[in-house]
Structure formats: C-alpha cells, structure tokens
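The exercises below ask the reader to work from an interface to a sheet, with a solution after each task. Please try each task on the structure before reading on.

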Amino acid sequence: MSFDLVANVVVAGVLTGLVYGLMALGLSVIFGVVRVVNFAHGEMMTIAMYAATVLFASLGLDPFLCILPAALAFFLFGYVLQAGLINPFITRPEHSQFMLLVAVAIIMVNALLMIFGPSARSIQVDYQLESFEIGKILVDKARLFAALAAVVTAGLLFSFFKFSLIGKAIRACADNHLGALVVGLDVKKLYALTFGLGSVCVAVAGCAMVLLVDVTPPLGPAYTLLAFVIVIVGGLGSMPGALLGGVLIGVSEALAGLLIAPSAKSMFSFGLLILILLLRPQGLLGKNP
Amino acid sequence: MAGNYALSVVTLILYFAYTGQAWNVMMGFAGQLSLGHSLYVGVGAYAAGGLFFHYGIGPWAGLPLAILFCVALGLIIGFLAFRFGISGVYFALLTIAFAEFTRIGFDHLDWLGGPGGMFLKVAQRDTWDILNFRGPPLMYYYAMLFLCGAALALCSWLLKSKAGYYWQAIRENEEAAQALGINTFRWKMLAVAISSAMTAVSGVFFAFYYNNLFPEQIFHISRSIEIILGPIIGGIGTLFGPILGAAVLTLLSDGITDGLAALGWEIPGIKQVFYGVVLLAVIMFLPNGIWPPIARKLKL
Amino acid sequence: MDRRTFNRNIAVAGAAAAFSPFGIVRAQSQKLKVGVILPRSGYLGFIGQSCQKGADLAPGVIKEMLGVDIELMNADFESNVDTARTRAERLIQEGANVLVGPFDSGAAAAIAQVAEQRGVPFVINIAAAPQITEQGYKYVFRNFQTAGDIVRNGLDLIGELFQATNTVPRTAVYMHVNDTFGQAMTKGIGALLPRRTQLPFKIVDTISYDPAAKDLTVEVSKAKASNADFLLLVCRLNDAIILRREMVKQRWNPMGIISPGSPGMYEEQYYKTLGKLSEYSISNVPWYNPAAKLTKIVEKAFLKQNPKDRLEFHGLNAGFTFEAILVAADAFRRAKSTDPKVLADAIRQTNITEKMTLGGPIKFNEKGQVEGIGSACVQNRNLLPTVVLPTGAATAKPVFPMPGYKKA
C-alpha cells in the first residue's frame, strides 16, 4: 500500500466529506434548534440536485451559478414547510414527527420519479473530469470546487449565527425555549427561519453534489441516513461539528474501503455511529447535555 | 384457484398485523421507538433458514434458536441503550444502525448465502405437513391467523397485567415512575425481549413461506418502515390498531393500483405518491390512528 | 388492455364456450394470455422498459410467423421482490395462461415459487442465478444462460479476443458488484479461470463494491494501484458509468475494460451519459445474431413501433423477452390448448431452431434450462453496441488495446 495511494484516497475523502458535512450542517441546524427529526433531509437534497440539472439543461447554468437561485427557492420552501406543515408537530411525540416526514419523503421521491423518470441525470461541464496534479496527488477539480463551496457556506452560516441579532435569537430559542418565549421572541417565526436556513445548506450541498454524483430519485434515503450519522458523530447543534463529522466519515469510509473491503465501508460508518451513541452521545464537538 | 390470490393478500395482511403487533409491544407499550425491527425478522429467518439449509433441521427446532438469537440481540441493544441513557430519536437511530450494520454484514456472509441469497428447498405443496411446515397456501393462512390471534391474546393479557401498568407509567413519565420505585430498566428490557421474541417468529414464518432470503431485502430499512406503518396508522398502543392498520394499508395499496389502472394513469411512481398523500392525511388529522375514533364510536 | 375490457372478453369467450356445440372453444381461435411481468419502475425501470419493447412487438410478429393469437397482460413489479410475487399471483388470478419475465434473479425466485404453487408455466427471459433451475421445479423454464454459462462463454471470448488482436495481457484487476449477480459471477470465475490455462492473464487484485455506491474513488484508486494490464469488470449500469468517469479523473488508462458478462456497458444510458468515453468498452454477453432471419423480422417490427430508436440498444433485453414469448406461443401452437399443465408439457418439448439469439436451438433440459445459448463479444463503437466476435456474426473487427492506453 503505497503512500501515494493512501494520500490520494484521504484527500478525496476529505473533500467529499466536506460536502457531506454541508448537507449535515443543514440537518444539525434544524435538529438542534427546532428539535424536529427531518427524515426528508436527503430527499430535499435530491430535489436540489434535480433543480440544478434542470437549470443546467434549460439555461446552461453551471451548478455553482445555480447556487444563488436554488438557495433562495429552498429558503422559501423550507420556511413554508416548517410554518405550514411541521409546526403543529413539534409538540407531538417523536414517532408522529418521524412518520410525517417519512410520508413527505415518500411523496417527494415518487413525485421526482413521476417527473423525471428512473434513469440517472447528470451535469456535464468541461472541468468535471479534470484534476489538478500536486506532486503525486491528483485532486479532482470538481470535488475541490464543491468542497470550497461547502466551506464558504458553512462559514457564512457560522458568522450569521454568531454575529447577527436574529442568529443570536435563534440560538437563544435552541438553548432555552421557555426563556425565549418569556423574553418575547417570536419563536414560531424563528423556527421557520431556521428551517429555511437549513434548507439553504441543503440547496448548496445539492448543487455541489450534482457535480460528483448522478442523481436518481431513490438517492434521498441513503443521504438522510448519512446526514444523521454525521450529525450525531460530530455533535448536535455544533456547526464545526457537522463539518468535522462529515470529514471524519468521508475519510474513515475511504480508509475502510482501502484497507478492508470497499463493499463493507458503510458498515464502518454505522459501527462508528453505534460507538459514539454509546460512549459520547453528544458527539465529538457537542455540548455536554 | 380463484381464491388463491385473495388468500395470499389476506396472509400478507395477517403477517403485517402480527409483526406490527410485536413491534407495538416495544413502542406502544414501553414507549421505545424501534426503527430497525427488520433486524429481528432477518435474524429469525436466517437462523431457522440456515439450520434447515445446512443441516436439514425443520422449523420447529429452528424456532427456539431464532427466538434465542433475537432476544439476545434485543437485550444487547436494550442494555446498551438504557444503561447509557439513550432514548427517543437517539434510540431510534441506534436501532437503524444495528439493522444496517447487520444487513451489510450478512451481505458478506457467504456461509448463509451472501448477497446471492439463501434458497430453501420446498419438498411439497399439496398436503399439510405441520412438522416441516410445508403445504398449500391455506395452511400458511391458518398459521398466520393463529399467530395473530395468539398475539392478540398475549398483548391483551399483558396490558391488564402488572407489566402493562408499569409500562404505561414509564411511557407517560419515566422519571416519575422511577421516583415511585419502579425498576424502569427491568421493565423496559422485558418489553424489548417480548417484542424481539415475537418478531423472531415472524422471521421463521417468512423463511418457510417465501423460501428465499436476501440480506438486501430482509434487513432493509424500508422493511422496518413497512412494519411500523400498520400500528402507526391503526393506532399505537392499542390492541386492534396494528391489525386494522395492516388491513387498511394493504387494501389501500391494492385499491390504488386498481384505481390507477382503471383510469389509465400508469406513470411509474404515481401510486406511491397517492399512498404518501393518504399517509400524510392520516398522520395530520388522525394522529392517534384510525382505531381510537372507531372504538369510541363503537363504545368500546 | 385493461381489466375491464379483459373481463368483458372473458365473458364473451365464456358465453361462446357455453353455446358452442362441442362445449370446447376451438383452440386455434383461442388466444394465449401471456402475463408479462417486468420492472418498469424503480431502479431497474430503465431495463424493464427496454424488455417491454421486446414484448410489445411480439403479438404482431408471432401472428405472422406462427399464426397464433397472443394477448399480453403487462404488470410492473416496481423492482421490488414482494410486489413481483403479488403481481404474479394477480396475473394468474386474472387468467394468464403463462408468465414471462422478470429480468431480476430475486424476483425470478419469488415468481417461480408462485408459478410452481399454482401450476402455471413461467418462462424466464433474463435471470442468471443458477439456483433458480436447481430447485426441481416443473413449471419454470429459462431461456437464458446461468451465471456459470455466462462466465464460461465470457472467458472463452476473452481468449478469442486476445488471439484476434494479437495481444498477451498478463495481469487483470477484477472489480465486481457485491450483489446476487456479482457473487454468482465471481464464483464462476473463481472456478473456471484457473482451468483456462490458455488464457495468458492472472487476476492480481479483486475489488468488490456496493452496487448502490455513488462514490467509487477508493475502488478505482486501488484498481489503478494494482498496475494491471486491463480491467475485468462485473457491473450494473449506474456504477459502470461512475467507474468510467472516475478512471478518467484518476488518469488510469488500462488496455481495456472487459466484462465477462454483465449488463451496463452496452445499455443506451451508458452511451448517452458518457459520450466518447463509452468507446471501446467490451461486454461478452448473450446477444442476438445480427445476421439471423428472425432478427431482421423483429428489427423491422421494432423500428415500426419505435421509429426513433435502434434495436442495437435493446438487443439483449428485447431479444430474450421476445424469445420467451415465442417459446410460449410455439408451445401453445403445438398443444392446441391453454390448459397450464398441457402447456408446460408442450414447453418441455420445445425445439426452436429459427431464433434470433446466438447459439444452438431452444431446447429445455430436464431442469427447464436451455443449454448452448451463445454469447458475443460486443464492443462500443461509434456509440453503438457492435458485435466484433465470433467472426461469423461480427459486423466489425475488435479493437484492443483501446487508443489512449498508457502503460503504467
């Protein structure tokens, strides 16, 4: 096993992991604040990916240019989804929330199937199959750009939450629901806002992911599961945790695939999830409950 | 011949009613959301199936082995979860992780067929051979009918027993229950054990009814979701909820297929969209399931 | 035809039977109801629809060839094994005399159970798992190669390929999907390759991967690091596309990509998505004979129904689906009855020499399996699947190594 091989694989793992991390970031924000188990998360990203292919096919827009319109559209979509459908379920038992979003997910996946058919769709841009050569390491161009987009978006979100007034209000809601109400914050609107922001992450992640992966309707559920694994490993409610979790999963899967059997690499992620749940349920960077 | 299709549909309904009832013990009675119940069906099926495939030992010996494995697994998961204080959505994710881990694991277990699957030989399909659990579809129907009835009786008895009261207390407010001196750990473990044992029987039935086992199918998360749809739609924690839910869902699925065919709307995916919309409607407007309002109407 | 029309027809036929002086409707004016069960939606949807094209043109062609009337009852099992079981039950319930399908081994196993239980003949168009015809079934027939046959033919064709192009690759890296099909093929290769001493290559590394995986970076990295001369690949469609792209990204240009017998690289989607990159990939698969008389007839009917399409893209799928229905119709013609047991016995006596797929006549052995089905070496040329071997059926000469081959 040469160093080059391991290095190449690890680099690819890190870059892919960052994009996964962005997707998980959206989930972390939603789960951390609104406390809703969004089991339609992966499906939402699938919709974003399809949106990017449609924009590319009709307007020739490079996926990175699609980010802005997609983000806007998804913000509205997330806002409305939360305010309209999900809000009454916040106080309901977990299994009800879960089933609600499973039903939403089923509708999403199959509506996509109806509209787009079962065959895979992809984007073909020029730089997609090119790579940068840094010494003996080949860095996939598309992957690098996607990872950069993920990091920038995460950074923007992070500064929003840390420095803006609304961001602070949302964090207050998450930390202390009752206190927030007492202080007079419009919790319902803040929840919807948060869901909207989480959806923006999903939109950006989708636009980035569509360069790396062909989209088919049943892609959603696998990503939902992956997002949950990352969020739990990285730490609920911690934004750097989501990115760290993503990178960790990306790299560990890559290494597991290299050293053991590639077909068993998901086993590794689930094993890691079980360990974290047992030994450190708040995740690596999460706050102690 | 005409009745055979209807028979297979009813057998399927009863299968989901029974398995849903088994899951209901863990969720509805003890309040623990398991989203990885396909684990027990699969392990039960492979335990009995493997015994038959490799050693020719029939299902009646496979049954206790299947139950043993499933209860052991359930207790391990329960122990890990409850001792470490994992509950709610974290517990659900833990169960998913175990099921997925097992699915991929079995995909690499060539001794049990691996991804190529395990095919059980069927000796005959004409006469009722209860010892080897081989016979016409009618036999399987009666077997499932019996299991459903037994599950109903068992759950009814459990609900009225001490266990039932403790479970209710734990479900409503675990901390208060603990404060009252109830050993919540022990009673939750009991629920998990009973639930996994009952589901193991489902697995054994599955193995000898369908006669081919593939890890990708039997451990898949969509199976786990299928199992819980019935109880949730019918009514969690109720006795008749799982049965009613399973019946409604299966008939709904068939009905939608027929309706769409009659309308000529044969677009792939449209059936599941309808299905999802109905699910959504039930969840939104009948959050406790279909059975409670009906029970109220019937003054039960 | 939908259920209502179908039920009406049953009533009319029933009335005719009741009033006919002999109490038996004359057999040749009867129709054979063929239940066609395919995955027209779900992850196999694309391939199921491809198979359906072969079914749709069957009634017309068969009426001309054999003078029998067949009626298709189409069912979609949505790429889900349980649905396959219930749809099969339902087709039988609605009066199907014979079942044809399903492309997938898992579904085939499920439907076989139902067919055997209900005593209705089931002619498998495409499914490679060997166990299906090892269960002692009396009503299940398969006109397709088992995984073992596919491997054997595939390896032989590889030998022919090297001879025809005067090349002697010494090493190969073997990548395969980890599912039912991949596993069966791997077993076959493990058993047969060591005995094929005339083949010059050894497998230096075996890499199995999840067919649903979207990211195959690690797998391709490993394969590239093996420094093998060529890639031996057992794949499906989407993963084949991902692999090919990843190979370009990682700048890995082996002598060629050869599949000893798996779907994917000859499917229309592969060409559409990869364009030029799809060129020169090789699949050794059961295929139709471009020069056969029946092929020309089927192609004409195909183009009439699908004017914007080409038979080449659906050669395997449509060809074998058509032949399965042909088997049923031929048996019906000889049996002069739609009674399932009589039909099954008639199918057992099948001996069709005028066929469109490569290989010997369609004749079922005592396990219900056809032996001697041929394979072709199909190479992607000019964005079309092109038969390059055996020379008798070839329409072009094979190209190996592919241009762009860089010794590592």
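**Exercise 1: the interface of chain C and chain A**

Task: In this predicted model, establish how many residue pairs are in polar contact across the interface of chain C and chain A, and describe which elements and residue classes make up the side of chain C.

Solution. Step 1: across this interface, 10 residue pairs are in polar contact, with both residues at pLDDT 80 or more. Step 2: on the side of chain C that touches chain A, helix H2 (45–56), strand S7 (202–209), helix H8 (217–225), helix H9 (237–249) and helix H10 (268–274) each supply at least two residues, and H8(C) gives the largest share, with seven residues. Step 3: sorted by class, that side has eight nonpolar, 11 polar and 10 charged residues. Step 4: five salt bridges are counted between the two chains, among them one joining the side chains of C:Arg251 and A:Glu133 at 2.6 Å, N to O. Step 5: the area buried between the chains is about 2,500 Å², and carbon and sulfur atoms give 53% of it.

**Exercise 2: the sheet of chain C**

Task: Determine the order of the five strands in the open sheet of chain C, and state which strands stand at the edges.

Solution. Step 1: the order is S2-S1-S3-S4-S5, with parallel pairing. Step 2: strand S2 (69–76) and strand S5 (140–142) each have a single partner strand, so one side of each lacks a neighbour in the sheet and both stand at the edges. Step 3: from one strand to the next the twist averages 25°. Step 4: helix H4 (residues 81–93) of chain C packs on the sheet, touching strand S1 (31–38), S2 and S3.

Note on methods: Residues numbered from 1 in each chain as written. Chains lettered and ligands numbered in written order. Predicted model: local features only at pLDDT ≥ 70, side-chain atom pairs only at ≥ 80, totals over all residues. Heavy atoms only, no water. Buried area = accessible area lost by both parts, 1.4 Å probe. Salt bridge = Lys/Arg side-chain N within 4 Å of Asp/Glu carboxyl O. Polar contact = N/O pair within 3.5 Å; in protein donor to acceptor, adjacent residues only side chain to side chain. Helix = DSSP H or I, 4+ residues; strand = E, 2+ residues; numbered from the N terminus. Nonpolar A, V, L, I, M, F, W, Y, C, P; charged D, E, K, R; others polar. Pairing = 2+ DSSP bridges. Axes fitted to C-alpha atoms, helices over the stretch in contact; angles between N-to-C directions. Contact = heavy atoms within 4.5 Å.
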